[in-house]
Amino acid sequence: MIGLTLSNDCYQTLKLKRMKKILLVTACFLVQNISAQVNRFVYQVTMKSDAENKNDVKTENAYLDISREKSQFYSENRVKRDSVMQAMFQSGGARNFNREQMEGLRTNIDYSIEKDKTSQKVVFKNRIGRDTYSYEEDRPISWKMLTETTKIGDYKVQKAETDFAGRKWTAWFTTDLPYQDGPYKFAGLPGLIVKIEDDKGEYSFDLMKNYKIADFPESNRFGNTMKVKRTDYTKQLERFRKDPEAFVSSQSGGGGGGNIRIGAPMSRGGGGSQNPADMRKRMQERMKEELKRNSNPIELN
């Protein structure tokens, strides 16, 4: 009887050890799975980007996706647009272009920003004409922390101020969330930025909601990607603003249609041949409209 009792005790001990091992492996898997997820924060971006018409207030959503290694900030419409354009090119290119569908996905946030958590590098990408230009931000953001606190939604927030790229910004950040990040190029505060706006009331970013996603979405960048210094990017942007048609024609591939910006009409109703002269005229009009719509950019210098 004693031997039988000892055998049962040993069996129970081995069974408990096995269960603990299974639970430990399961817990490690769950922790790894959770840490691999991306946290998405949705901001409402309000813009007065037309210098001649400050009554024209534009709003759209943008995503700040955060993982352990990096974060990315970009337009919600850009993700939808890239998906539509990818499907369009796979099924026949310009012949399947649907103007009405693309009009609903126009965006004033055609740039994307990636922040590397380890190196602290901030990389800005934007398309000028048919190519994408990428540069590493070389202007550190210096914050002035204030003691003022309040509550925005469910979050207790604290006030901070900074001068960046020709604008004075007021931010409200929270330590209720374990992230030291924010929309656009803003980061470096001891918490997540819930709201930030400039003193002229021309640009603001307001956190609306957050949820988890499996991974960062794939980005479809058409044309070439040019890595340049920020000063060189500024020069290229000025060249485009002075004469967009000449700038696009000077890019690789010569003149013609190329990869033009969102909403440019290539065809109506999803297909059909187009008169080259009419297409060229519409492209010129759209470029002028685009420049006017962005004549009051978020960065003034």
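## A walk from surface to strands to pockets

Let's start on the outside: the accessible surface of the protein comes to about 16,900 Å², and carbon and sulfur atoms account for 51% of that area. Keep in mind as you look around that this is a predicted model. Of the 301 residues in the protein, 42% are buried.

The secondary structure consists of six helices and twelve strands. How do the contacts spread along the sequence? Taking contacts between residues at least 6 apart in sequence, 62% join residues at least 24 apart.

A good place to step inside is strand S2, which covers residues 58–66. How many of its nine residues are buried? Seven of them are, so S2 is largely enclosed by the rest of the structure. Buried here means a relative accessible area under 20%.

S2 has a partner in strand S1 (residues 38–47), and the two run antiparallel, joined by nine bridges. You can pick out one of these pairings by finding Met47, whose bridge partner in S2 is Lys58. S2 also pairs with strand S3 (residues 70–75), again antiparallel, through five bridges. Here Asp65 stands opposite Gln72 in S3. Follow the chain from S2 to S3 and you trace a hairpin, with three residues between the two strands. As you inspect these strands, it helps to recall that in a regular strand the side chains alternate between the two faces of the sheet.

Now for the open space. Rolling a probe the size of a water molecule over the atoms shows where empty space is left. The largest pocket holds about 660 Å³ of space. It is lined by 33 residues, and those closest to its centre are Asn126, Tyr233, Leu237, Arg241 and Pro297. Strand S1 turns up again here: together with strand S5 (122–128), strand S11 (203–213), helix H4 (230–242) and helix H6 (276–293), it is one of the elements that give two or more residues to this lining. Which element gives the largest share of the lining of the largest pocket? That is H4, with seven residues. By residue class, the lining of the largest pocket divides into 16 nonpolar, seven polar and ten charged residues.

The second largest pocket contains about 440 Å³ of space. Its lining has 18 residues, with Lys115, Gln120, Val122, Ala187 and Gly188 closest to the centre. In this second lining, six residues are nonpolar, three are polar and nine are charged.

Conventions: Residues are numbered from 1 along each chain as its sequence is written. This is a predicted model: local features need pLDDT of at least 70, side-chain atom pairs count only at pLDDT 80 or more; totals for chains, interfaces and linings use all residues. Side-chain values use heavy atoms; hydrogens and water are left out. Helices (H or I, at least four residues) and strands (E, at least two) are DSSP runs, numbered from the N terminus. Buried means under 20% relative accessible area, exposed over 50%, partly exposed in between (1.4 Å probe, protein chains only). Contact means heavy atoms within 4.5 Å. Accessible areas come from the Shrake-Rupley method with a 1.4 Å probe; for residues, only the protein chains shown count as cover. Two strands pair if DSSP finds at least two bridges between them. On a 1 Å grid over the protein atoms alone, a cavity is a set of points where a 1.4 Å probe fits but cannot get out, and a pocket is an open set with protein on both sides within 12 Å along at least five of seven lines; lining residues have an atom within 4 Å of a point. Grid points are joined across faces, edges and corners, and a volume is the space filled by probe spheres set on the points. Ala, Val, Leu, Ile, Met, Phe, Trp, Tyr, Cys and Pro count as nonpolar, Asp, Glu, Lys and Arg as charged, and the others, Gly among them, as polar.
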